[in-house]
Number of protein chains: 2
Amino acid sequence: MELEECLKARRDTRHFLPDPVPQQVLNKALAAAHMAPSVGLSEPWRFVSVESAENRTFIKKLFNEARQKAQKQVADEQDEARSDLHQSLKLEAILDAPVGLAVFCELPSENYTIGVIGTPQTLMWSVACAIQNLWLSLTDQGYGAGWVSILDFEQLKKELDVPEAWLPLGYLCIGKPATDYDKKPMLQNQGWKQRTPEPIVLKR
Amino acid sequence: MELEECLKARRDTRHFLPDPVPQQVLNKALAAAHMAPSVGLSEPWRFVSVESAENRTFIKKLFNEARQKAQKQVADEQDEARSDLHQSLKLEAILDAPVGLAVFCELPSENYTIGVIGTPQTLMWSVACAIQNLWLSLTDQGYGAGWVSILDFEQLKKELDVPEAWLPLGYLCIGKPATDYDKKPMLQNQGWKQRTPEPIVLKR
């Protein structure tokens with residue numbers, strides 16, 4: 001797929017077909033992630049393929065708990081229609097997506113990494129770029145992903161028993177999309193929020 | 001360009017030709033950035049085109065100061081050859097790249113944004129995805145970018161006089177690449193660090 005077509009086609013997908021994701025598709029997407037830029041060539045991205053039913057169920061429970069808190073926040077705004085709309089949105093596919101991939105950033109063990117002097121968050125931004133590469137590659141191959149961040153990250157980390165130096169960025173639900181949401185972001189398609197026509201650019 | 005070719009060709013570029021970057025190239029790249037995923041459809045990316053010689057000179061000074069600190073850190077490791085190599089690396093093109101674009105994340109003014117309950121850093125990760133889209137689009141169009149984070153971010157923000165709610169992610173040097181670094185990351189090409197062959201993936 002041409003780059004521009006791929007950028008346009010990529011969606012944050014919450015509705016998947018049950019079709020399995022071939023390992024070669026996943027490997028190609030992970031190889032794309034590994035081509036991302038990284039601060040000081042740190043390559044800090046780490047992936048955990050969540051396969052056990054027990055772990056999936058636990059992560060779904062984490063989502064439910066966080067979502068309940070979020071729902072309360074929305075309800076507090078006293079707009080009933082908006083609260084109902086929020087309640088109706090499908091914001092994850094933890095149990096129904098064929099592949100679940102938790103994503104982490106490993107803090108470097110080396111004393112010095114070029115480029116992190118501004119802030120160590122640069123390392124997490126490298127991982128975000130890797131996620132975007134992975135997402136584009138899945139789109140290019142006819143698959144999709146949804147990034148779930150409505151989770152208690154500390155509990156996610158504990159459950160998956162990863163090294164202490166790994167910081168979580170979230171959980172990706174991966175599979176074949178059941179819909180393209182009429183070629184719009186799902187939240188726009190479902191009336192939650194509109195896109196802005198263009199990015200804000202100042203001159204200085 | 002096909003997606004995969006574009007992912008492979010993208011480089012963190014520090015060496016540019018003096019050729020100007022046509023506005024339409026930049027606009028297309030900014031439109032690509034605006035197609036990035038964003039948590040809760042927040043679209044938090046903000047760009048500042050740094051055009052005045054005064055601002056460029058100030059940002060170069062910020063870089064020089066931060067780099068000096070970094071050089072001291074490397075020197076403290078007492079490996080002279082490594083310290084010399086670090087000193088020799090060109091890590092920015094603030095005064096020589098035809099376009100300079102500072103990138104920020106605006107914290108939302110709305111009370112509630114879907115998906116930030118795990119951590120407000122999700123907003124910055126959306127901006128990192130936008131930067132990756134912009135970078136890929138520039139690559140696709142025959143241009144390139146280098147992400148500079150060796151800067152005091154607070155001073156960068158102050159100098160560019162942006163709203164309080166904008167958090168800096170760095171400064172992009174943009175132009176036509178003078179080299180492809182032998183199709184490798186520059187830091188690998190110059191012997192600073194090797195790439196790892198593949199990403200780390202655990203199963204749980």
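Trainee: How many other C-beta atoms lie within 10 Å of B:K176?

Mentor: In this predicted model, local features need pLDDT of at least 70 and side-chain atom pairs 80 or more, while totals for chains, interfaces and linings use all residues. Residues count from 1 along each chain as its sequence is written, with chains lettered from A and ligands numbered from 1 in written order. B:K176 is partly exposed (between buried, at 20 or more other C-beta atoms within 10 Å, and exposed, at 12 or fewer; C-beta atoms are placed from the backbone), because its count is 19.

Trainee: Which residues is B:K176 in contact with, beyond four places in sequence?

Mentor: B:K176 sits in the loop between β4 (166-175) and α7 (186-189) of chain B; helices (H or I, at least four residues) and strands (E, at least two) are DSSP runs, numbered from the N terminus. B:L17 is 159 residues away along the chain, yet the two C-alpha atoms are separated by 5.5 Å. With contact meaning backbone-placed C-beta atoms within 7 Å, the partners are B:F16, B:L17, B:D19, B:G142 and B:Y143.

Trainee: Within what arc do the buried residues of α2(B) fall?

Mentor: Helix α2 (residues 23-33) of chain B buries B:L26, B:A29, B:L30, B:A32 and B:A33. They line one face of the helix, because their arc, taken from the directions from the helix axis to the C-beta atoms, is 155°.

Trainee: Which elements of chain A do those buried residues pack against?

Mentor: On the other side of α2(B), B:Q23 and B:Q24 are exposed. The buried residues pack against β1 (45-49), β2 (99-106) and α5 of chain B, and, from chain A, α1 (3-9) and β5 (200-203).

Methods
Two residues are in contact if their C-beta atoms, placed from the backbone, lie within 7 Å.
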